[in-house]
Amino acid sequence: MEHLAEDDCWKRLAGAPVCRLAFALDGRTEIIPVNHVVLQHRLLFRTVPDTGIDRAVGESVALEVDGWTDREAWSVVVRGQVERVADADGIRRAEEVGLEPWPSRDQPPTVLVEVVAMELRGRRFPRRPQPGTLWYW
């Protein structure tokens, strides 16, 4: 196993179309798939008011993306806090790249949030080919 450098972690986060966001809500652990964008080491996504993600603002979360090829697999985990984005520059740039919630709802996306990364860890490891097996590591 190889630990990934911080820049490599950010590149892999930026290249992954969907991440999984885990957080505590009402005494339960929630894990929600979220589409996101990375803009200058800021991990942004949109949601609508009063969703679980909106209610998680100010709370600790973990976010994970992963991927694999025939020869390797990798994972990047971000631990941090969800915060609302209120700065005009962040909102403008999210709008420029067309960041929308996934899946969309009837209500327009009005809440832009960011996972403020406090810890960023990535790892990569080789895969062992096993012909005839659907999944292998």
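## Briefing: strands, salt bridges and a buried arginine

The protein has three helices and eight strands. This is a predicted model, so take everything below as read off computed coordinates. Reading from the N terminus, the order of elements is β-α-β-β-β-β-α-β-β-α-β. Below we go through the overall numbers, then strand E2 and its partners, then the charged pairs, and finally two residues worth a look of their own.

**The whole chain**

- The protein has 137 residues, and 40% of them count as buried.
- Its accessible surface adds up to about 8,300 Å², with carbon and sulfur atoms supplying 50% of that area.
- If you take the contacts with a separation of 6 or more, 70% of them are between residues 24 or more positions apart.

**Strand E2 and its two partners**

- Strand E2 covers residues 18-25 and has two faces you can tell apart: Cys19, Leu21, Phe23 and Leu25 make up the covered one, while Val18, Arg20, Ala22 and Ala24 make up the uncovered one.
- That fits the usual picture, in which side chains of a regular strand alternate between the two faces of the sheet.
- One partner of E2 is strand E3 (residues 28-35), which runs antiparallel to E2 and is joined to it by eight bridges.
- E2 and E3 make a hairpin with two residues between them, and in that turn aspartate 26 has a positive phi of about 55 degrees.
- Strand E6 (residues 60-68) also pairs with E2, again antiparallel, through four bridges.
- For landmarks along these pairings, look for arginine 20, whose bridge partner in E3 is proline 33, and for alanine 22, which stands opposite alanine 62 in E6.

**Arginine 20 and its acidic partners**

- Side chains of opposite charge can pair when their charged atoms come close.
- The structure holds eleven salt bridges, and arginine 20 forms one of them with glutamate 64, with the closest N and O atoms 2.4 Å apart.
- That pair connects distant parts of the chain: arginine 20 belongs to strand E2 and glutamate 64 to strand E6, 44 residues apart.
- Arginine 20 also meets aspartate 66 in a salt bridge, at 2.8 Å from N to O.
- Because arginine 20 sits in strand E2 and aspartate 66 in strand E6, this second pair ties together parts 46 residues apart in sequence.
- How accessible are the partners? Glutamate 64 counts as buried because its relative accessibility is 18%, whereas arginine 20 is partly exposed at 33% and aspartate 66 is partly exposed at 34%.

**Other salt bridges**

- Aspartate 54 and arginine 84 join their side chains in a salt bridge, 2.6 Å from N to O.
- Aspartate 54 is in helix H2 (residues 52-55) and arginine 84 in strand E7 (residues 72-84), so this pair ties together parts that are 30 residues apart in sequence.
- Aspartate 54 is buried, with a relative accessible area of 9%, while arginine 84 counts as partly exposed at 49% relative accessibility.
- Glu2, Glu72 and Arg124 are linked with one another in a network of salt bridges.

**Arginine 127, buried and without a salt bridge**

- You'll find arginine 127 in the segment after strand E8 (111-126).
- What is the nearest side chain of opposite charge to arginine 127? That would be aspartate 70, 5.1 Å away.
- A salt bridge needs the side-chain nitrogen and the carboxyl oxygen within 4 Å, and arginine 127, though buried, has no salt bridge.
- The side chain of arginine 127 does have a polar atom 2.7 Å from the backbone oxygen of threonine 69.

**Histidine 41, in a loop**

- Histidine 41 lies in the loop between strand E4 (37-39) and strand E5 (42-47).
- Is histidine 41 buried or exposed? Neither quite: histidine 41 counts as partly exposed, because its relative accessibility is 40%.
- Once neighbours within four places in sequence are set aside, histidine 41 is in contact with Glu6, Asp7 and Trp10.
- Lysine 11 is 30 residues from histidine 41 along the chain, and the C-alpha atoms of the two are separated by 9.3 Å.

Methods:
Residues are numbered from 1 along each chain as its sequence is written. This is a predicted model: local features need pLDDT of at least 70, side-chain atom pairs count only at pLDDT 80 or more; totals for chains, interfaces and linings use all residues. Side-chain values use heavy atoms; hydrogens and water are left out. Buried means under 20% relative accessible area, exposed over 50%, partly exposed in between (1.4 Å probe, protein chains only). Lys and Arg count as positive and Asp and Glu as negative; His and the chain ends are not counted. A polar contact is a pair of N or O atoms within 3.5 Å; within protein, one must be able to donate a hydrogen and the other to accept it, and residues adjacent in sequence count only if both atoms are side-chain atoms. Contact means heavy atoms within 4.5 Å. Accessible areas come from the Shrake-Rupley method with a 1.4 Å probe; for residues, only the protein chains shown count as cover. Two strands pair if DSSP finds at least two bridges between them.
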